[in-house]
Amino acid sequence: MKTARLCSRRHFLQANSFGLGGLALATLLKQDGLLAAPVKPALGADAQFDLLPKEQHFPGKAKAMISLFMMGGPSQMDLFDPKPMLTKYDGKNFPGEIKYDNLAQASSKVFGSPWKFSKHGECGMELSELLPHLAKVVDDICLIRSMSSGVSNHAQGLYAINSGRITGGNPALGSWLTYGLGSETEELPAYMVLSHPGGLPTFQGEHFTNGWLPALYQGTVVRATEPRILNLDPPAALAGDGQRRQLDLLRSLNEEHASDHAGENDLRARIASYELAAHMQTAAKEALDISNEPESVKKLYGVDNPETRDYATRCIIARRLVERGVRYVQVLNAGQSWDQHGSLISALPKNCAATDQPCAALITDLKQRGLLESTVVQWTGEMGRLPVLQNDAGREKWGRDHNTYGFSQWVAGGGFKAGYVHGETDEWSHKAVIDEVKHYDWHATLLHAFGLDHKKLTYKRNGLAASLTSDPGAKVVTKLLA
Amino acid sequence: MKRIGLAGFIGLVATAGAEEPTLTFEKDVRPVLKAHCTLCHGEEAKPKGGVDLRLRRFMDAPTDSGATLLVPGKPEASELVAIIERGEMPKKGHPVPPDQLATIKEWIAQGAKTARPEPETLGNGPLITEEERAHWSFQPVKRPEVPKVEGAPTPVDAFLAAAMAKEDLSFAPEADRATWLRRVTLDLTGLLPAPGDLEAFLADTSPQAYEKVVDRLLASPAYGERWARHWLDVVGYADSNGYTAADSARPQAWRYRDYVIRSFNEDKPWDVFIREQLAGDELAGATHADYQAAVNDPKRLEQITATAFLRMAPDGTGDPNDDANLARNQVIAEQIKVVSSSLLGLSVACAQCHDHRHDPISQEDYYRFRAIFDPAYHWQAWRAPAQRLYSLYTPEETAKAAEIEKAAAAIDVEAREMSKKFLDEIFEVEILKLPEADREPYRLARAAAEKDRTPEQKALIKKYPSALALYSLNLYDQKKQDLVDAKSKEAAALRATKPVQNFVMALMEVKGQVPESQLYNRGDHEQPVRPVTPGELTVLATPEIEPFQPAAVPSGSTGRRLAYANWLTNGKHPLVARVLVNRFWMHHFGRGIVNTPGDFGHHGDAPTHPELLDYLADEFVKGGWRLKPLHKQLVLSQAYRQSAENPASSERDPDNRLFARHKLRRLEAEALRDTVLATAGALVDKPFGPPSTIARDPAGRIVVGVDKGTITTAKVEPGGEQDYRRSLYVEVKRSKPVTVLETFDAPVMTPHCEMRPQTTVAPQSLLLLNDTFILENARRLADRLHAEAPGDENQRLRRAWQILFSKEPAESDLARARDYLRLQTASLTVYHAQNPPAAPAKGAPALPAPDPNREALASLCQVLYSSNRFLYLE
């Protein structure tokens, strides 16, 4: 009956905590003596995994995260990282040496950004004219211009940024966060993925796999179009008590079965997933429905514009999920739509036009609601692009090849500095040279913002303590944190 | 002093050498340099600073700055060491770890030796070292000695037990008979044992009881339906073309699906199976323009049908797309992914744009591999999907159809002439309505062909449009139109008597049309670099063995694919048999001996039991590439017969790498849908043929049924029997995955699936709680229970347990279930009292009164379907 009490108490708090954010809920639960769970589950053969909220290692402001993931490798020197040298040398031979992703493809002609940069906000952050909406909220974001992973190509780039390793099948960042901190809601999955109508990004399920962490921590994909989650309506004759009775019987059968199969985490995860599913029937519909959002909010994100409608809708949903206690939400694109090997001049503005306004609106909206303080918003791809051109078949067809040695990402909220630019690439935006942030440094810093020590957040795997940051050199970049 | 010193030094090395093996460049140092240095110092066109670290001898050259990189015997005088110690190198990436730097120093101290003389030149593509060649999966299969282990009943068990012993583990106890029967039945047929099967097996006390079961299952047609699905994953089977949003239908793909099922059921040797799929057209002596004789011979038709293996990739070339040539080349690239990972277990595709990052596969290799297939695809003379369908008409049928067509065409001419005659007659009446002066010019205008009319004539016709009478006979005289229509119908009726024409989707070369294969810069077909000839991957060939030589076949096809297929299946290829047996093993035991079934390269997992893998590969080949005997060997082993319970194994080996317990697995999507249908008594055993159709229902689900939707509304109508066939026969539309299957991890083929994930997410639970599929079948199962045990509730519950779990319920199970039924019945009774069914529409038959008892039992069946005991195979 302990669980029932916990459920109802948490349910009550949850229902009354809109606008307070996860912090308030966690605090209330803690005061109530319900939040006794230590950080990460105890490990061992009889380890029990759950999604109860866990204590942080130390106080950290971040409680939830929205990742705006842009698969393909967005071009940093056309968006975030102005380089007058590129303009000066536009069309001329690159005087230095380029680390090409593929030597055979080498073109050494510099491709100056076709777009103008100007300073914005009180902080004077320079951004490209392709991002007019982001320009209005620069005082709230932390722009990192010195990201690097140094791996090769999309797959490894994605794995590095998303799972800290360079092979597939490893737990994604969202899995680590939900493993480390549990969930603030029992009514929605702790880790949710909002997919694009055009399909999943390349490498599909790798984006949200729990890898070798227990299945409890995998991402749940929300469909791109209505109905965003199928089968939320119970059959009329069984709705309510009838279905509760079914679930109780199911639970008792499953508990008995699981006790015959100690050590099979998957069985436990499925038991939990029925309870979650039962709650979702009422909660998910409400959470995913933006029709009652005020018109002003819809307009802010761009729901009224066909070009931005999809992304705007998904950003609003992301905010609604975080408001309701979801730990980690990732908003995905389709394929690798930021991979401009050619026709950069026409393709990049299209990508920006579809996403810039919703992304900026998300920051404004979260801030107005007092949620930005506890929510990390991250905008990144798996890598960036080269200063030299590719596909030398007329300027209209010029593109850029991959570059994992220097690229940009921005973050906002959750204890990250606001109105701050971190690090520099060389004068060509090829390689990070000042305050380089490796993907594993970013992971260590992000976990730190969540009050987690990246060296302590481990999972026992084949006798070893595995962590998100597998690189021994990973360090927290304190300069990024307010 | 000097002499003594030197002698002392030599003595020291000799002593060290006696204790530790001498370090060599290839084995010890090159991997360090490759990881940290050679990206800039060797692999770029111009090595940085003039330093090229790819070969030991290159290090003797002075650097651009004049430093001496290497002084053998003197690490302290070698710039290679100094620059790393000063922290100046590597400029990018991690510092060289201390232990690796120590290795470099030790190697220099030992004299900077190589294992063997270095090559004179470095050709195109990467340097393949002996060490890279030495990768385990590139070595010939060697049959190992079976370890002598007491109590291990089969060789498979001996290999496993020997490895377990090293980790102080041993097999779990034997699973009970019911568990094994359930396991092996699901494993081999994708369906559950019927209660009668269990009774018979439990009653059979003969020593051959287990074997008899296996023989029965392998002989069942359901076996092929189950195991074909595994292969269809690997080849990326779909009934639609994908690639573009249109995702057009691929209407003849099912013949290939049926070919695969039949091949499994007849236990076709895999060497034949592979040869047919890669080169069935060349075996059958067919080419694009000359195939009729071949398709009319059943054996050769089978071979031709098999080549659809090479037509499985997503293919947008029949649909509107932005870049037609790119779309064509994408088809080839995707197909190469499928071929290489299915048969070679290598991700050759990485080398399309650049030399492979981890495996010794060069871009040159990739295009040599592609050249095997180029003549059949020939992107510059592309054949769109509709042009790969070959008619199955016999010569007689062709003649008959032509004869009918000729007669029908004659009737068409007659109908046209009738129509003309009627219109001319009408014209003669109509023209009289015109002023006299306009009549003759109008007559001339009418007689002129439309394009030849002068502006004046056009104006005249516009002035008197109704007099024209050149068409629309019906507007002038419907009765005459009816006469013409009747004539036309005669032609249509005649055409309908033509023999039905069927087609096979296949891959064939066009005789005499052989494109020059090229290496394409960055995989861009617009940037050919140099011609290449077909060949095996360099790392798999050795100077002594040229693995295969294409020789033209009599049909006029190049014979490249046939030669390649023969080489793959001659028993000497190091990868093919290993890759195949590893997959078979994986499907039985829940994980592969190599747990990356599509990647046997350097980044793939190493085999947990390399000798067992070789033993199985060798058995398979020596046994004539037959799968059924291998199944038998595996499922009768102690390893397969052990229980899922082994605490020591669960604790110390959670991933079950040592196979010291049987790993619990959730049913795959198709097995889940099929067993639900079968246990509900709804499964329709109707094998082969065109797929069951699918549609979007109003709730947004994709279900099996007949699509009656429009652009704005979704509507599905029942399709009768087709809705209840095994999932393997349900249409695979890439853009519309069937909800019940997709939710349980059935793959979307882009282009194929090497290993399915097993997820546990809330949408699965929601489906089992609320989806019409499960609700309907739970009702059917309740009906079945009532039919099979009409009088007694306990009997019905017993029956449910037998059908779904292959076991008897415990008394506590019965008590729980009865309590549940009592309460649920009461609550449903209240519900129906409060929500009386709407009165039937006028004239419609009255609906049956709700039956709370029956509904409660159905809701119980739903719980049982949703329970882990049903969902997981142990």
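B:T307 is a buried residue, with a relative accessible area of 0%, and it makes a handy first stop on a tour of this predicted model. From there, this briefing moves to the contact between chain A and chain B, where about 5,700 Å² is buried between the two. It ends with the cysteines, since the structure holds zero disulfides over all chains.

**Around B:T307**

- Where in chain B does B:T307 lie? Its place is the loop that runs between α14 (298-306) and α15 (324-344) of chain B.
- Setting aside neighbours within four places in sequence, B:T307 is in contact with B:E276, B:Q277, B:A279, B:G280 and B:D281, and also with B:A506 and B:L507.
- With a relative accessible area of 0%, B:T307 counts as buried because the cut-off for that word is under 20%.

**Where chain A meets chain B**

- On the chain A side, 69 residues take part in the contact, and chain B brings 70 residues.
- Of the area of about 5,700 Å² that the two chains bury between them, 50% is on carbon and sulfur atoms.
- Three residues stand out here: A:N231, A:R245 and A:R270 supply 13% of the area that chain A buries against chain B, more than any other three residues.

**Polar and charged links between the chains**

- How many salt bridges are counted between chain A and chain B? The count is three.
- One pairing to look for joins the side chains of B:R869 and A:D260 in a salt bridge, at 4.0 Å from N to O.
- Polar contacts between chain A and chain B come to 24 residue pairs, with both residues at pLDDT 80 or more.
- Three helices of chain A, namely α5 (153-163), α7 (241-259) and α8 (265-288), each supply at least two residues of the side that touches chain B.
- Sorted by class, that side of chain A has 30 nonpolar, 24 polar and 15 charged residues.

**Cysteines without disulfides**

- A disulfide is a covalent bond between the sulfur atoms of two cysteines.
- Across all chains, the structure holds zero of them.
- A:C352 is in no disulfide, and the nearest cysteine sulfur, belonging to A:C359, is 9.5 Å away.
- Is A:C352 buried or exposed? A:C352 is buried, at a relative accessible area of 2%.
- For A:C359, the closest cysteine sulfur is in A:C315 at 5.2 Å, which is too far for a bond because a disulfide needs the sulfur atoms within 2.5 Å.
- A:C359 also counts as buried, at 3% relative accessibility.

Key: Residues are numbered from 1 along each chain as its sequence is written. Chains are lettered from A and ligands numbered from 1 in the order in which they are written. Side-chain values use heavy atoms; hydrogens and water are left out. Contact means heavy atoms within 4.5 Å. Buried area is the accessible area (1.4 Å probe) that two parts lose on being put together, summed over both. A polar contact is a pair of N or O atoms within 3.5 Å; within protein, one must be able to donate a hydrogen and the other to accept it, and residues adjacent in sequence count only if both atoms are side-chain atoms. Helices (H or I, at least four residues) and strands (E, at least two) are DSSP runs, numbered from the N terminus. Ala, Val, Leu, Ile, Met, Phe, Trp, Tyr, Cys and Pro count as nonpolar, Asp, Glu, Lys and Arg as charged, and the others, Gly among them, as polar. Buried means under 20% relative accessible area, exposed over 50%, partly exposed in between (1.4 Å probe, protein chains only).
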